[in-house]
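User: Please take a close look at one part of this structure. Start with the metal site, then move on to a single helix.

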Amino acid sequence: MATPMELFIREMEELTCPDSIHIMDGSDEEARNLSELAQKEKVLTKLNDKVYPDSYYHRSNPNDVARTEHLTFVCTPTKEQAGPNNNWLDPAEAKTKMNALFKDCMKGRTMYVIPFVMGNPKSKYAKNCIQVTDSVYVALSMRIMSRVGKQATERIGNCADFFKGIHSVGDVNPDRRFIMHFPQDNTVMSFGSGYGGNALLGKKCYSLRIASYLGYQEGWLAEHMIVIGVEAPDGKVTYFLGAFPSACGKTNLALLQPVFPGYKVWTLGDDIAWINVGEDGQLYAINPEAGMFGVAPGTGIKTNPVMVDTLKNDKFFPTLFTNTAIDNSDNTPWWEGLSDETPADLTDWQGQKYDKSSGKPAAHPNSRFTVSIYNCPALSPEYDNPKGVPISGIIFGGRRRNTIPLVYECKDWESGVFTASIIGSETTAAAGGTQGVVRRDPMAMLPFCGYNMGDYFKHWLSIGKKTSKQPKIFMVNWFRKDENGNFMWPGFRDNSRIIKWMIERIEGKTGAKETEIGLMPEDNALDTSGLTISKETMDKLLSINKEDWKKEASMIEEFYAKFGDTIPAELKNKLAELKKNLGI
Ligand code: OXD
Ligand code: MN
């Protein structure tokens, strides 16, 4: 009798009609062979092995450089289930549309079958998955981002309960590009894009959109969060989760080098966390991914030295660079922010000789690296702990030039859920579209929540009720600007100053003052030793401008109105309380 996996492969073969099928075993030999093949097919080129061992360069179609939210759908039986936060299509209609696109689309191509596990295969929280794809770039990327191969095939065994990811780059035509999620069937069909968030289906599609729905059904949370352990001089490690909308310095925070001697950040995850209530009533998080798909521009020796080192390690290979520029003097990838000087002889991300006077960047603003987390020198020894790590603090943040102070703490879980539900951030390059406008992005999950966000907020509240040892919830904003448009807070490594205060709060070692929006550091409670920042700037960073907050409250009201009755009463009450505190 055929196994459920064999039946799925047969079904996919019949639909897409590939010339050949390659079932991935996850071995090093296979990775070498696929890298060779990809070079022959001109999908990858080898980079300087001495500087970036086992690393390759990929240039995508210029029309395919970011996630495409307008082409991403959640196909639940009713539109209400998907909510106003998702594009919706009737599942039967969506399947008919996608089956027509997939019909015979792999003729003349190889179908890669990728069995993979999200999470440590030994963890009860890990999930089994299979993706098929006709892209060798996607197959190699999936090897980096998840646990691909035999361990997955064995875990799947005779069990039919696995995620099905069906992917083809098709003809990379934006008019024939769709990413359709079927939460009820544990399936995603993605056609016409090779870009990470659209094509590496274990990532945003499964580990966030589908998994958030599974978590809703099963009583856990799938979140767009980093996971870090912060070690203090006494050796104690405090675990934090952190959620920030795309390109708010999330990856830099995940690999932070604190400014204070004796402090160290241990990295567990840079993008996604699955959070369960442990037997002791505390929240435990795992990172379901095994790699990092990070934005290259802005990653440099000064901003993220740990990532620069990670990219040069080859414990686990390959490492991929997509749509960066190439420094022709030594065949290495280059992007804005990697070094202060722009190298003289660059090829830009579109393959043209780079002309600095054009004023355009050489690397695409959303150019990326794909690297194994095992290459990170700061990887936490707890990363593979099947139970996950116990969470003491959750940090939310956004990119705001005004309104949101540098840091505040929420009074309790309910206030924390409210604060997270009203995150706003100025848009950046990661999602395509206009940049620099404030977009509401609750829990940094707006593009990734696979069901109605009103129900999602209720689910967050219910998780709080099941948690006897609730973590503290904080809100931060590293991006406040002065009247001249300059950033007021130095950010990067200095953000560890704020985390130090959070640990002191968690341990009850420092007080906080009550304000209209939450609890804020008492005077001089933030450790600014060694930092040249005036008292006046610090006061501004920690000030609450009531006029700005009044505007904020009315924007929140408008945003909540989109969800109608699904917004839980608890959050409506919190909004009323905020308005009252502001004297509205
Ligand atoms: C990402 C994103 O790529 O959030 O991680 O856009
Ligand atoms: Mn992300």
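Analyst: **Manganese site and one helix**

Along the chain, the donors of the manganese ion (ligand 2) are spaced K-x19-H-x46-D. Donors are N, O and S atoms within 2.8 Å of the metal (3.2 Å for Na, K and Ca); water is not among the atoms, so sites may look incomplete. The coordinating atoms are NZ of Lys-204, NE2 of His-224 and OD of Asp-271, at 2.1 to 2.2 Å. Lys-204 and His-224 link distant parts of the chain, 20 residues apart. Lys-204 sits in helix α8 (residues 202-218), and His-224 in the loop between β12 (221-223) and β13 (225-231). Helices (H or I, at least four residues) and strands (E, at least two) are DSSP runs, numbered from the N terminus.

This is a predicted model: local features need pLDDT of at least 70, side-chain atom pairs pLDDT 80 or more, while totals for chains, interfaces and linings use all residues. Residues count from 1 along each chain as written, chains are lettered from A and ligands numbered from 1 in written order, and side-chain values use heavy atoms, without hydrogens or water.

Lys-204 is buried, at 7% relative accessible area. His-224 is buried too, at 2%. Buried means under 20% relative accessible area, exposed over 50%, partly exposed in between (1.4 Å probe, protein chains only).

Now helix α15 (residues 546-561). Its buried residues are Asp-548, Trp-549, Glu-552, Ala-553, Ile-556, Phe-559 and Tyr-560. Seen down the axis of α15, they fall within an arc of 140°, so they line one face. The arc is that of directions from the helix axis to the C-beta atoms. On the other side of α15, Lys-551, Glu-558 and Ala-561 are exposed.
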